[in-house]
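User: I am new to this structure and would like a close look at a single part, the sheet and what packs on it. Please take me through it step by step.

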Amino acid sequence: MRCPYCRNPKSKVIDTSHDSNGNIRRRRECLSCEQRFSSYERPILATPRIVKTDNSREDFNHEKLKRGIGISCAKRPVSDADIERLTGQVEVELQKMGKFEVPSRVIGDKVMEGLKEMDEIAYMRYAIVYLKMDNLPTLRAEIDRLL
Ligand SMILES: [Zn+2]
């Protein structure tokens, strides 16, 4: 933590407290100029980056995921609020994994788990695209399993 007065990187902590949000506040004293200042520590919930099947990486994109789920739910009795809720839920679950990167398949699985409870047709549409269920026997097997 650099001193805001003299930019010296070393300081000592003279007091630590928590604010009402649970963030940590530290009172510090610069080891060089002896000025006092405070620093805050707060947790940052980072969403992991997505590793795609071709091994390229991309940032998690809430809107893009929501759009993908929305397309699967077209003309189905699923509300925008449900789609937003599922998107948010998947994002939070990814954050809770605490990983730097996750395979895109992990997202697909989470979306499908959610869709399965919401709407089976939307689930099947999503599965066809993301599991690349591009042949009838695989589809048939999944439908049989659902029924
Ligand atoms: Zn200083």
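Analyst: What follows describes the sheet, then the helix beside it, and then the nonpolar core.

This is a predicted model, in which local features need pLDDT of at least 70, side-chain atom pairs count only at pLDDT 80 or more, and totals for chains, interfaces and linings use all residues. Residues are numbered from 1 along each chain as its sequence is written.

Helices (H or I, at least four residues) and strands (E, at least two) are DSSP runs, numbered from the N terminus, and two strands pair if DSSP finds at least two bridges between them. Three strands make up an open sheet with mixed pairing, in the order β5-β4-β6. Because β5 (57-58) and β6 (101-103) each have a single partner strand, they stand at the edges, and one side of each is left without a neighbour in the sheet. Strand β4 (residues 49-51) runs parallel to β6, joined to it by three bridges, and Arg49 has Glu101 as its bridge partner in β6.

Helix α3 (residues 104-118) packs on this sheet and touches β4 and β6, where contact means C-beta atoms, placed from the backbone, within 7 Å. The direction of α3 makes about 65° with that of β6, taking axes as lines fitted to C-alpha atoms, for helices over the stretch in contact, with angles from 0 to 180 degrees between N-to-C directions.

Helix α3 is also among the elements that give two or more residues to the largest nonpolar core, together with α1 (62-72), α2 (80-96) and α4. Such a core is a set of buried Ala, Val, Leu, Ile, Met, Phe, Trp, Tyr and Cys residues joined through C-beta atoms within 7 Å, buried meaning that 20 or more other C-beta atoms lie within 10 Å of a residue's own. This core has 16 residues, and those with the most contacts inside it include Val90 and Val111.

Definitions and conventions. Two residues are in contact if their C-beta atoms, placed from the backbone, lie within 7 Å. A residue is buried if 20 or more other C-beta atoms lie within 10 Å of its own, exposed if 12 or fewer, and partly exposed in between; C-beta atoms are placed from the backbone.
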